[in-house]
Every structure is written in structure tokens, then in C-alpha cells.
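Got the structure open in your viewer? Take a tour with me, one selection at a time.

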Amino acid sequence: MAIDYLYPEYEIVRDYDKCIACRVCERQCSNEAHWYDDGKGKMLCDNAKCVDCHRCVSLCPTHALKIVKSGHTFKENANWTGKTITEIYRQANSGGVLLSSMGNPEPFPVYWDKILLNASQVTNPSIDPLREPMETVTYLGKKPAKIERDENGRIKNNLSPTLKLSTPVMFSAMSYGSISYNAHESLARAASELGICYNTGEGGLHEDFYKYGPNTIVQVASGRFGVSKDYLNAGAAIEIKIGQGAKPGIGGHLPGIKVSEDISKTRMIPKGSDAISPAPHHDIYSIEDLRQLVYSIKEASDYKKPVIVKIAAVHNVAAIASGIARSGADIIAIDGFRGGTGAAPTRIRDSVGIPIELALASVDSRLREEGIRDDVGIVVGGSVRSAADLVKAIALGADACYIATAACLAMGCHLCRSCQAGKCNWGIATQRPDLVKRLNPDIGYKRLVNLVHAWDHEVKEIMGGMGINSIEALRGNRLMLRGIGLSSTELDILGIKHAGQ
Amino acid sequence: MSRFVIIGNSAAGIGCAEGIRTVDKDSEIIIISNEPHHTYSRPLISYLLCGMTDEQRMKYRPDSFYKDNNITAMLGCTVTAVDPAAHTVSLDSGEKIKYDKLMYACGSSPFVPPMKGLDTVKNKFTFMSLDDARALDKALSPDSRVLVIGAGLIGMKCVEGIADKVKSITVVDMADRVLPSVLDADGAKLVQSAVEKHGVKFLLGDSAKELFPDKAVLNSGAEVPFDILVVAVGVRPNISLLKDAGADCNRGILTDDTMKTSLDDVYAAGDCTESFDITVKNSRILALLPNAYMQGENAGINMAGVSRSYNKAIPMNAMGMFGYHMITAGTYEGDSFCESDGTDYKKLFFKDDRLMGYIMIGDVSRAGIYTSLIREQTPLSSIDFELIKHHPQLMAFEKTERSAKLSESH
Amino acid sequence: MLREGEIRIPSGCAISGVISKSGTPINGREMIKSIATMHDRSNGLGGGFAGYGIYPQYPDLYAFHVFYDSNAAREECERFLDKRFDIINLSKIPVRKSDKITSEPLIWRYFVEPLKTRLKDSKLDEKEYVSRCVISINSNIEGAYVFSCGKNMGVFKALGYPEDVGEYFRLDEYEGYAWTAHGRYPTNTPGWWGGAHPFAMLDYSIVHNGEISSYDANRRNIEMYGYKCNLQTDTEVITYIIDFLLRKKGLSLTEAAKVIAAPFWSTIDHMDEEQAAQARYLRAAFSNLLITGPFSIILGFEGGLMALNDRLKLRSMVIGEKDDKVYMASEECAIRVIEPHLDRIWSPKGGEPVIVTLDSYKDKVFI
Amino acid sequence: MKRVYVNEKWCLGCHLCEYYCTFANSGVSSMVNALKDKPLRPRIRVEEHDGISFAVSCRHCKEPLCVKGCITGALSVKNGVITVDSNKCVGCYTCILSCPYGCISPDDSGHAISKCELCTKNACGEPACVKGCPNQAIVYEDRDVTDTNKEAAV
């Protein structure tokens, strides 16, 4: 055997005084890091197999386990970090592109954390959300260009199709295939109960979930998996996915091994075949092609569904968004570079794209400068982590936010970032039936509902503090924001003043 | 308001009273028993002797039972006659009690066969009632040599009950094995040797030819000296009162599946009746406490006006000897499957796609799952028999059946 | 200190208004008396009035009231106007000097009408043409500020307590069918005349008491439609919103009220279906023009007044009626002082507009 | 009445129910002290075979064969819960013979039986197996077909 240059990243620490050898750790570890040694009468483990997903830690009834970062260090320096060295070893070993999961982990600035919110004092009363109505209902879509009246002078309803959300949060695209049936069911049921939407991702819509259509966004991506007329008409909106924050400019690949009977049916591809999403849509090589696809989809859905175009936040996102706003799309979704993924080339994930905060601010400003902000709704995602991030996004100009990593966390994800292995111990990013069943949608959906309810409460508290009692009065209300520790360029892009100004 | 009269204060009689009360909370219930005791569990008399229970704990129902259930208990009263035409029962006191519905649950009595010289034996006992047990216990001393005639259920439980109180015990039975009514030969061997470890001596395939005041001479010629004799060769159902009143009887009283006898408004239950054994599909005496209770309960429900059938009777038995347990049920017919490691023993009998009977000794865990297969006449083809034959388990059932068992209210 | 337009300045205030439905002329003195009663609601950093029907001699000309910081600014502005308008009359606005009103700018008044050829070339309707010219002056000509530009109406405002401002502008010499007045309590203005209220665009004028928390959401939205919020005041943005909704979008006053003080979704759910559909439409179509936070406003327009509170009624506002006159004010005392014997007085609910027009305008105003 | 119900669809075969059950009925305040190096005597047992697993515990039948067959009167129904008076029980195992679900086991002493009593005799509150199940495969619900439940179902 060749020398293994790598050293386990984590150490499993077991307190043998507490361990009752119930073996739940062993039974629950899909990486087979734990086992019971009959001879010794105790549990043993292999640190090299541990991915730090905390399944064993969470289930251990006596709290006998913890996982710590291995104390091992290479002879690293500021330039040659342990991570860099490890990656070189791995590539020298495999000759392949490094793959990673979830969002960009690198220490780039998180602008949400450099923005502060305002509150009312004296001149304007704060509003108590427990006493007064506090509204977070959001309509996503185009605003009508002009008022039309019937012969009796009554206003005609000439609104374009819109998405009505009880609160400005949606679950962003995660395909059936990248995540499990039970994860999809949890998302679908939660969206239904919450009065928001979840997104099929590019993997089609399982027949069991057509019933959640009014709360479903069906996605059309470059692979066109599972796309049919019925599919397009099954949801409340249709999203054309151009790009994704974690891997702008890159396609996707679901290995054939994960294309089970059920997934093959849902994706409408042969069982066991690789599902490859091309990097571009091969019918969209320019903006006018996009317009054609938008209108093809509108034709296919009888102009009854809003069309969303989702792009990754890249350098010239504002200009691209402007083009999309003029393409007939009703909603633009922008995904920042910290957005998650089931698998992406590490180099792309960690080096391509820009933060969603800057992308959002520049898109919103640009569309307003062009007077077309009311022609589209803006939805942003790519690591909206809390109600505070959500409020900041709305105040910067978003109509609503997409959340996925937070949703996965709510369902139990522990961010071990090993989705690509398909052995998710939490039953989310896996298709193995014994693992999938670990996510009981009765629990998963409730936790999602709880999360969004909690955020909604927090948004209302924050709004009330600002003296705002409806989310639309927060939208684009950048006076409610101040930067902290930001350069004047950053403040300019964000369109906010510095704290104290 | 009716008056229900129950003759008998043991499992069938109590079952009857409880059955009535599930339907009718108000009508009068009278329980008549020739024993003067609060209802107690007869099978516990062996546990009483060895100190695993006492007279208070062996009460079958709490002290407040009659009061709680608004029952008039006439204890120590013997019924001398039943007049089905007049709907009365006569007591030894001369009193006549009218009934609207009558439950006859008089159980059975020890059978003492004619044996030469029996009348010369001073310390001779049967082992059926609390009074039997009290009398035997009084006679025992650490020096006693005890001869037990009969290695059946009663004899063996008696052995267990007195083993630690006496000098020696010898058991004689005509059969070639212990517990012949419930065990096969291999199983019996295991139990026998387990009991022998406690100093008990068995003389099987033999019987007493003649009894003397201090010894028995067996057919084989062997002599067994003893101080105390226990005769436990079997029981006979107490049917005479009803038989005299004109009820159809075989060896036991015959009833329909509501437990009604051939006499109007007269029901019978327990050891004095015959039951339809669904494993062999014929009528026989199943003198078992669970069977007695359920017959009585079913009768009570019918007596109170709700029609319900009792048609799941099967022979079954659970007993332990010095902590070595055995559970058996059904009939030992058909093909068999046997597993044994010298301590734990299991034998299943199956025929016509049905489990007919089983014997489990040692490890008896989850035996009820097998019992249920027999009682419910479950087609073995509908379950995973290969799986279940090694261990009783619900896994062997179809998914929908499992789900019905585990996710529905029962 | 930064002045209005350079920074956002919240302020509390007093407002008052009166209208005679029959068109009976009301002397400006009445309004001074009314607003003076609420002296404590102002802090001497701004006061103003709007009078309707005050220029019967030029009813069809736009009356521009302009503050100039210098003659140079005036000359530049007049050159600008000359190119675009026929100036029928120009003069300084007569004032009564007083030690209570200081740091006066130059205050000029022009009665104008758009040059026909320029108007035609612009391909705009007349009002849009005028408003763009005004926005252009205010945005581009340093030291010039048009603070009133409607027909047969005028705004008079200055730094000082409102009663002193009224005296200064000699309002006792004006009569109109309707008046509004404003006393200002800004928190941090250095005191700039242009920052005083009312704020006007064409014949719409707004007096406003409150501080709206939706300001930047409203501003950034309305600025997409050709408005420029130079002053960064609530009153300015509310005026533009009203102008946008009424003039550009053709909404009725009631409909506009349902946009800026929209009924709650929970209230809409209890409306009858037609009303609910309309309310939902207006909220969805103009969601970014919903104004939240406390406000009470009196909108003046050609032929009438509209009073409106925010939907939670976080600011006081009472309405009084006596014969053909309707009074609107922050406090009842401001009404009682000029009309002690009212037929009726009430406090309208949050979001419930009170619209009063001249009888002769009943059919001309889109209610 | 509320009973424990299990759904094999969600059972992970983790066996935690057995440990939580044993702990809850141990009378010991620390789980480690209750279970470390001690025999496990749960009143709920997980069956596992071929990727399927589920826990089984007393169904608290409305027509309980164990109670009817009990020779001592130690088993009785109290407020719908089948409970055992271990003082009366002599360990004859007739109930083990009777129970169609295989849910009754000998207790530690071997002279009596132990069975699920829905944690009514310990300080657990909601049954420990239900609380301890990580996937809601074991739930504590009222599924009796009563008039009210029927209406709710409609």
C-alpha cells in the first residue's frame, strides 16, 4: 500500500466512564467509524473515517462522545496552510478535480455582519408586534405598468402572475437526487403549511409531490431533467436556472449510481444513467435566447405562472440582471458565492463569484437607475443565515430571500460538507434507503416550519422597532442600514451610510 | 333488574361476575361457594407452600372486590340442588335462591383412584384447594419422606412447593415421563433431570400395587417408604348438580359457544365443562385457569344480554419447576421442528399450513406469539415461517399485518 | 450643520386646514389664528401656509414662488424660465418685515404659462412639462428653489413660528376658498426656508405631521419615476407619491389613500369581494408606496382638501364641521379658536381619508 | 386512550428505546450508573431483520389475554393501562404464554414479570421510549376508534 500522506482531520473522543456500549454510534455511522470490540468489551473507532457530522454525538444517550479537530499540523505557514498541503496530497494521489460540498468556506467578508439596523426613538414610535398587526406578506412579480379601468371605472386586475408569500422566505432549489425524498417531502409540506414556496431544483417533481404544487417552484435547468408540460404547470412558478452561487459557470453531475428507480422516473432518464447538467443551457447563448425561453415557458404555461430567472452573483451581475428584467422574466433570483451545493469543484466554489450583499445592492440600484425595478421581483440567496440577514437583504432591496443551507440545518444537517459522498447520516443528501429514513418528514417539516416562524417573529420584532408595520415599507429602505468598518467603496456599492453618519 | 346467581368463586365464577359487570352495572349478583374463603387462586397453593406467596397475596381479586362490584358473596354455603324449571337453587341451609340467570362454575375435584391399602395410610393428601394445602403443610416436617403419586401438573407443582421442607420426595407415575399431558419424551427428560437436581427421585412407568401405613409396594416390586402420601393422579369435573337437573353432559357439562347449557338460563364455565378445542376440532375438558376465566367472562356477557361467542379455546400451559420454565400449547400432531441445546428446548408441530402446537422449555420468551398463531389459526404460508420457527417474532408477519398489530388500537 | 437635502431631518409638527364648500372666501388671518394656537407644537424652525383660490386675477397661470440665495441665482433661474415659459407677471412677494423672521432669501413670484412651442416639442402634457421644469430648477440651479408652482394657489413659508410667518407674508391680504398651515418642530435643521412646509408640486400641497419609517423605501421607488427628493423630507416624498398616484397613475383620492395608508391584509380579508380585490390590487401594484410610521397630512389640491392619517393613527387629527366649512387640525383647539360652535367634530380612523371639495368641483374631482 | 404506537417506516433500529426504557424503570438517577455494565431489561424490544426494524411493547389491549389469563390477579387494567403488581406475581409466565405480541418478559428476579406500563410508575411523564426515539417511530397517541375520533377523522 502506498503511503497515506493525509492525517485524519477529526478525532473521536470517547469518555469511557460514560459509555454504556449501547452501540448507537456504531449503528448510526454510515462511515463505519465506530465498532464494538467483543473481546475488550468496549467501543473502538477509526478517526480517519469520521466526517464530523455529529450523528453519533447527537444520539449518544450519555453524552460520552465528542468530535474535535485533530491536533495534527503539517509544517504549515501563512502561505502553505494545512488545507493547501492536504489538497496537493489529495490531487497528487488521485489526479482529479477536488470536489467539495456546501458553500464557500473561505474567510471572505460577510457583509451581513458589517451592516447594522436602525430602530425608532422618540420622534417616531416603535410598534409592538404583539399588539398591532405586523405584515410580512409578500407579492413577488411585476408591477403593472398602468392602471386600466372597466366601463364602470373599476380598476381592472391587470397584475401579471405573482407569487404570494406569507413571509419573504422561500426554500431554494435542491433537486431530488441531490437530496432525499424525505427531505423534499419535508420542504414541500413546510412550504405548504407556511404559505411560502419550495423549489424542486433541477431534478424534476416526484409524482407524490404534485399535490404541493401551489407552494412549489419548478425549475428548468440546463439538463432539463423531468421537464414536461405537466411539470411546468404543476407549480406556482417556473424558474430557469442559469447558474448557482456555489459553482457559477459549471454544470452538474449526478452519478448513475444515485439514479434509482424513483429518481429515474422523476428525472425522466434511464435508471443508472449519469445525469449531466451542461454548464450552459444549449439553447441560451445570449440574452435574446433567454427571452425566447422565457416566452416559450410562458406559452407552455398559458401566461399563468411567473417566470423566475436564477443567476449566480458574478462580477457584472447588475448588467445581467438588467438584461433579465427586460427579458420578460417576472422575478430575478440571484445566488451569492456562499450558496450551498451537493458537490462543486473546490476551486470554483472557493474562488468564483461575489458576495450576495454586494450583488443585491448593485442590482437593486441599477434597476432603479434604469427605472425598471418595479418590472421584476428580486429574490436573493447564498447564505442568508438569520432573520437579521433577511431584514438586511430586504432593506438593501430584495423582495424575498431563498434559504437552503439554513433549511438543511433545520432538518438536521450538521454542515459536515460531505454531501458528495452520498452517505449523509442525517438522511438529507443521500439516496440510501436506510439513511433516507432517518429524516422523518413529520419531524423535518415541523422543524422547517418552526425555523421560518421564528424568523418571521424576529423580522416582525425588528420591523416594529423601526416603526415599520409592513414588509413593503422595509423593502429597499436602506436608511435603516448603516455600515460598520467598511470602506467608502463598499458603502457606495451597498448604498448605505457608515454607522454614526 | 335481573338477579344473577353464580355457583363457584374461582376463575370462571369471577370471570362471569366481571363479564356481567362490563355490560350491566346494576343488577344483583350472588356468588355462592362451598369454600369459606375470599376468592383465591388455586394454582398458587404450591407457591404458598414454598413461601413465594401468602394467603393475602394469593387472593385472586382484592379484598374490596365484592363490594366494588356490588356482589353478594355467600361463602361457605353449599348448593344442594338446581331447579331449572323454578329457576331456583337450594342451599344446604334449606334456603332457596331464585335466579334469572344461573352460572354453574363448580370446577373439578381431585380424583383418587381405588388403591389397595389406601385406607391404611394416615397422612394422605390431595393437592387442589387451599384447605388441601393447609392440611399438607401442617403435616410436613424436615424429616418427612414424601411419596407423590402422579407426575402430572398437580403432582409436580406439589413437589416444587414442598421440596425445601422435607427430607425426601419420591414421585411415582404410570407414564414413562413427567408431565405426560404437556411434554413430549425429550422435553420431559430435560425437566425430569432438572427436578432431579433438587433431590427428587422419580419412579416412572410404575405404580403403587399396594399401600401400607409407611410404605408403598410398586408393581415393579420396588418399595418406597414414606411418611406422607400425596395423591395427584388427576381431577374429575364436578357436574352432578347440573346433570341431576337434566343438563346435557358428557365427561363435562356441554355448552354452546355462548357457554349456555342445554337448560334455559343456565350457563356453565370452567373446569366442569367441555370446551371445543380448535386444534383438534372436538370437545374436551380443558381445565386451565385462563380458559375458565374467559369462558366465565363470556358467559357473563351473554347472561347480561350481549351476544358474544367464545370459540378460541386451546390447550395451553405455563409452568416452572425450580426456575426452569416451560410453556406449551395446542396439540402435538403433524410435522415437527425441534431445536435444543440441552437447556433450552423447543418443538413446533405443524400440519395443514397451521401451527398445531408447541413446547418451549428454558427460554420461553415471546411464546405467546406462537400461541397466537395457534389460536388465530394463522396460515403458515402467510408468514415467514422460516424466520419465526427460530424465534417468535412479529417480523415474520406481512408488513400490513405488522402495521395492524403495532399501529392500531387493540 | 447640513440642511434639508443634504441630510434627512425628522420633525414633529402642527397642521391645520379649512375649506369652504361653497367657495366663500376665507381670509388668511383665520389660518394664522388657528395655527398660532398650536404654538407649542412648533419650535420656531419653520412655518408655512398654502392658500387655494388666492389668485383669482390669474386663475389659469402657474404661480411660481421662488426663493433665491442671490441675484445671480435669480438671473440664472429667470433665464431658464424665459426659455420655457411665457412670464406674464413677475414681482417680489410682498412681505411685512419683522425681527421674528430673519435670514430672508430673495422671494419672487412669477405668473407663467408654458411656451406653446417648447411644450409641443417636449411631447409631454402640460403638467408634466411644468413639474419637470420645476424639478430641474430645484436640482440644478444652485441657490434657486421653486417652492410653489400651482395654478390659483400659493405656498408661503419661512423660518420662524408659523403665526410670524403668516404675518410676514401679509396673509391677511389674501383670501381663498381653502387654506392649510403648518408649524414645524424639526430636530436638527440649521433652518432653511426651503425646508419649511407646506411642500407643493403643481397644485398639490402637503402639510404633514409625523415621521415616516418607510421613507427610503418610498423615496427610492418614487425616484424611479422622474422625481428627485432633494429635501429628503417626508413631506416632499409624500407630495411626490400623491402627484404620482393621482396625476400619473390616474388613481382617485380614495384609491391613493388605500395605497399610502393601505388597509391591513387582515382587514382586506373581511371586505366584500369587490372591495377586497381592489384593495389587494392596489397593495400589490404599489407595494413600495405604502407609507408606514406616524403621519397626519392635509393634502391641498385644486378644488378641495383631503385629510389622512397613517393606518395605525399614530398622529392626532380631528375634523370639525360648521355649515359649509370643514376644519382639519392636529388639535381640536386649533379649530375651536376660529369656530367655537361646530356642528360636528370627530376623529377619523387611521387610513380613513376625509375628502372635502368645493360644491362646484364635485364632478371635477376624482374621489 | 393514549397508547404507544410504532411505525416501522421510521424505525432506525438504533435501539435507544430499549436503553431509555431500562433507564427510566431502573430507579437510578444517572443513565450511566443505571446501564453501564448492567444487563439490559427493556420493556420494549426492537426487532430487526433484513433492513426492517421496529420496536414492540405492550399494546395495552382492550381485551387483554394476559390479564384474563393471569392466575394470580397480579395483572390488571388501571385506567386503560395494563399494570403488574409484582408483589402478587409469582412468575408463572402464563402471561408470556398468552401475549400475542410477545411483550411480557421475566423481570430481574425471575420470580415475576415486567412489562410496559406506559411509564405510569416512574417519573418519566411521557413514556421514555417515545421521548427517546430520535425519529418519531414511536409515538404516544390516542388512536382509539371512538365517536370523537371518528368525527375528527371525517
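The stops below go from the chain contacts to chain B, then to chain C and chain A. One thing before we start: this is a predicted model.

**Stop 1: who touches whom**

Colour by chain. There are 3 pairs of chains in contact, and chains B and D share the most contacts of these. Two pairs you can skip when hunting for interfaces: no contact joins chain A and chain B, where the closest C-alpha atoms are 16 Å apart, and none joins chain C and chain D, where the closest C-alpha atoms are 27 Å apart.

**Stop 2: chain B against chain D**

Now show just chains B and D. Here 44 residues of chain B are in contact with 38 residues of chain D. To find the chain B side, select helix 8, strand 21 (316–321), strand 22 (324–330), helix 9 (367–375) and helix 11 (399–407) of chain B, since each of these supplies at least two residues of the side that touches chain D. Colour that side of chain B by residue class and you should get 23 nonpolar, 13 polar and 8 charged residues.

**Stop 3: chain A against chain D**

Swap chain B for chain A. In this pair, 15 residues of chain A are in contact with 17 residues of chain D. Select helix 1 (24–28) and helix 14 (441–466) of chain A: each gives at least two residues to the side that touches chain D. Which helix gives the most to this side of chain A? That is helix 1 of chain A, with 3 residues. By class, the side of chain A that touches chain D has 6 nonpolar, 3 polar and 6 charged residues.

**Stop 4: the domains of chain B**

Hide everything but chain B and give each domain a colour. Domain 1 is 3–109 plus 236–303, domain 2 is 118–233 and domain 3 is 323–407. Note that domain 1 of chain B is written as two segments.

Look at where domains 1 and 2 of chain B meet. Their C-alpha centres lie 30 Å apart, and the contact takes 11 residues from domain 1 and 13 residues from domain 2. Select helix 2 (residues 45–49) of chain B next: with 5 residues, helix 2 makes up the largest share of the domain 1 side. That side of domain 1 has 6 nonpolar, 3 polar and 2 charged residues.

**Stop 5: a helix pair in chain B**

Stay in chain B and select helix 1 (residues 11–23) and helix 8 (residues 289–303). Their axes come within 6 Å and cross at roughly 35°. Is the crossing of helix 1 and helix 8 of chain B left-handed or right-handed? It is right-handed.

Turn on side chains for the contact. From helix 1 of chain B, the residues include Ala12(B), Gly13(B), Cys16(B), Gly19(B) and Ile20(B), and the helix 8 residues they meet include Leu289(B), Tyr293(B), Gly296(B), Ala299(B) and Gly300(B). Taken by class, this contact has 14 nonpolar, 8 polar and 2 charged residues. You have already met helix 8 of chain B at stop 2, as one of the elements supplying the side that touches chain D.

**Stop 6: a sheet in chain C**

Jump to chain C and show it as a cartoon. Find the open sheet of 4 strands in the order 5-6-4-7, with antiparallel pairing. Why do strand 5 (85–92) and strand 7 (144–148) of chain C each have one side without a neighbour? They stand at the edges with a single partner strand each, so one side of each is left free of a neighbour in the sheet. From one strand to the next, the twist averages 30°.

Zoom in on strand 4 (residues 62–68) and strand 7 of chain C, which pair over 4 bridges in the antiparallel sense. Pick His65(C): its bridge partner in strand 7 is Ser148(C).

Now bring in the helices. Helix 2 (residues 71–84) of chain C packs on the sheet and touches strands 4, 5, 6 and 7, its direction making about 10° with that of strand 6 (106–114). Helix 4 (residues 126–140) of chain C also packs on the sheet, touching strands 4, 6 and 7, and its direction makes about 140° with that of strand 7.

**Stop 7: last looks at chain A**

Select helix 3 (residues 82–94) of chain A. Its 13 residues reach 18 Å from first C-alpha to last, close to the 18 Å expected at 1.5 Å a residue. Just after helix 3, click Gly95(A), which takes a positive phi of about 75°.

Finish on the open sheet of 3 strands in chain A, ordered 6-20-21 with mixed pairing. Strand 6 (115–117) and strand 21 (497–498) of chain A are its edge strands, each pairing on one side only. Strand 6 and strand 20 (residues 481–483) of chain A pair in the antiparallel sense over 3 bridges, and Leu116(A) has Arg482(A) as its bridge partner in strand 20.

How values were computed. Residues are numbered from 1 along each chain as its sequence is written. Chains are lettered from A and ligands numbered from 1 in the order in which they are written. This is a predicted model: local features need pLDDT of at least 70, side-chain atom pairs count only at pLDDT 80 or more; totals for chains, interfaces and linings use all residues. Axes are lines fitted to C-alpha atoms, for helices over the stretch in contact, and angles run from 0 to 180 degrees between N-to-C directions. A crossing is left-handed if the near helix is turned anticlockwise from the far one by less than a right angle, and right-handed if clockwise. Two residues are in contact if their C-beta atoms, placed from the backbone, lie within 7 Å. Ala, Val, Leu, Ile, Met, Phe, Trp, Tyr, Cys and Pro count as nonpolar, Asp, Glu, Lys and Arg as charged, and the others, Gly among them, as polar. Two strands pair if DSSP finds at least two bridges between them. The expected span of a helix is 1.5 Å times one less than its number of residues. Domain bounds come from an automatic or database domain assignment.
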